Amino acid sequence: MKLFVYDTPELTPTDALPDCAVVIDVLRATTTIATVLAGGAEAVQAFSDIDQLMDTSEQWSQRRRVRAGERGGAKVEGCDLGNSPLECSCDRVQGKRFFLSTTNGTRALQRVEKAPMVLTAAFVNEQSVIQYLQQEQPETIWLVNSGWQGSYSLEDTACAGAIAHQLLPNLPNHLDNIGNDEVIGAIALYSQWQTHLLELFHLSSHGQRLKRLGKQADLDYCAKRNSLQVLPKQKEPGVLVAF
Ligand code: MLT
């Protein structure tokens with residue numbers, strides 16, 4: 001198993017694909033995806049383009065669909081929801097297809113959708129992802145952070161570090177498993193902040209953006225490690241189900 005960390009989707013190679021891609025967008029897309037699938041949604045269908053989301057979801061009756069759109073942290077006009085996991089209660093999502101388009105997370109998913117295996121991870125479901133990776137042992141794994149419009153994000157890299165640290169617990173014995181230096185950097189960031197993740201979120205640029213939008217409670221929720229036992233896995237390009 002060789003592990004790579006990419007701090008934004010744009011940094012992933014364009015001439016190769018991993019055996020397994022794990023997309024991370026802690027604030028908030030992959031936290032929302034885990035919450036929605038744990039809440040019994042039929043599937044999450046991700047779109048980088050909001051107009052495509054609206055067109056495709058038109059084929060589903062209103063009682064069998066939820067449209068969730070976010071740009072800049074705020075809800076997109078015409079959608080049922082923004083991208084707050086706290087709005088995705090079981091009674092709102094159970095049995096429905098959850099159509100989702102966000103600023104970065106859904107773009108990251110599109111970037112890697114051709115990989116043979118695509119998972120999503122956040123702190124709320126990190127153990128479910130780690131256990132699956134330990135069991136399946138993909139030859140190459142990319143941990144793909146969504147970042148913010150092409151820039152680095154602290155919270156995504158810390159989550160990649162949490163996963164990498166638990167997959168490679170004793171680095172000197174794992175030199176052959178380290179695909180790039182970003183793996184070490186992510187583990188170092190996680191190790192520094194693992195006991196006070198919420199403080200890290202408050203320091204992050206996107207955490208501050210969300211607080212300005214009155215979404216402080218979302219930060220609290222996104223920091224709750226392993227609050228959900230769910231493994232979001234792609235069953236066809238752009239469509240994720242609970243595996
Ligand atoms: C993203 O896609 O970058 C995030 O999910 C944005 C957000 O929901 O605040």
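Here is a walk through this predicted model, from its nonpolar cores out to a few helices and single residues.

Let's start inside. The largest nonpolar core has 41 residues, and those with the most contacts inside it are V22, I24, L119, L133, L143 and I163. Helix α6, residues 154-167, supplies the largest share of this core, seven residues. There is also a second, separate core of 31 residues, which includes L37, V44, C88 and L240.

To see how the larger core is knitted together, click on L119. Setting aside neighbours within four places in sequence, L119 is in contact with C20, A21, V22 and V23, with V129, Y132 and L133, and with L231, P232 and K233.

Helix α5, residues 126-136, is home to S128. This serine counts as buried because its relative accessibility is 13%, and the cut-off for buried is under 20%. Not counting residues up to four places away in sequence, S128 touches L228, Q229, V230 and L231.

Now back to α6, which packs against helix α7 (residues 181-193) at an angle of about 100°, with the two axes 7 Å apart. That angle makes α6 roughly perpendicular to α7. On the α6 side the meeting residues are L154, T157, A158, A160, G161, A162, A164 and H165, while α7 brings V183, A186, I187, L189 and Y190. Sorted by class, this contact has 10 nonpolar residues, three polar ones and no charged ones.

Helix α9, residues 205-212, is a good one to look at along its axis. Its buried residues are H206, G207, R209 and L210. They lie on the same side of α9, because they cover an arc of only 160° around the axis. A general point about helices helps here: an α-helix has 3.6 residues a turn, so residues three or four places apart point the same way. The partners for the buried residues of α9 are α6, α8 (197-203) and α10 (216-222). Just after α9 comes G214, which takes a positive phi of about 80°.

Finally, visit A41, in the loop between α1 (29-38) and β3 (43-46). Is A41 buried or exposed? With 11% relative accessibility, A41 counts as buried. Leaving aside its neighbours within four places in sequence, A41 is in contact with V36, V93, Q94, G95 and K96. For a sense of scale, the C-alpha atoms of A41 and Q208 are separated by 30 Å, and these two residues are 167 residues apart along the chain.

Definitions and conventions
Residues numbered from 1 in each chain as written. Predicted model: local features only at pLDDT ≥ 70, side-chain atom pairs only at ≥ 80, totals over all residues. Heavy atoms only, no water. Core = buried A, V, L, I, M, F, W, Y, C linked by side-chain atoms within 4.5 Å. Buried < 20%, exposed > 50% of the residue type's maximum accessible area, 1.4 Å probe, protein only. Helix = DSSP H or I, 4+ residues; strand = E, 2+ residues; numbered from the N terminus. Contact = heavy atoms within 4.5 Å. Axes fitted to C-alpha atoms, helices over the stretch in contact; angles between N-to-C directions. Parallel < 35°, antiparallel > 145°, perpendicular 65-115°, else oblique. Nonpolar A, V, L, I, M, F, W, Y, C, P; charged D, E, K, R; others polar. Arc of directions from axis to C-beta.
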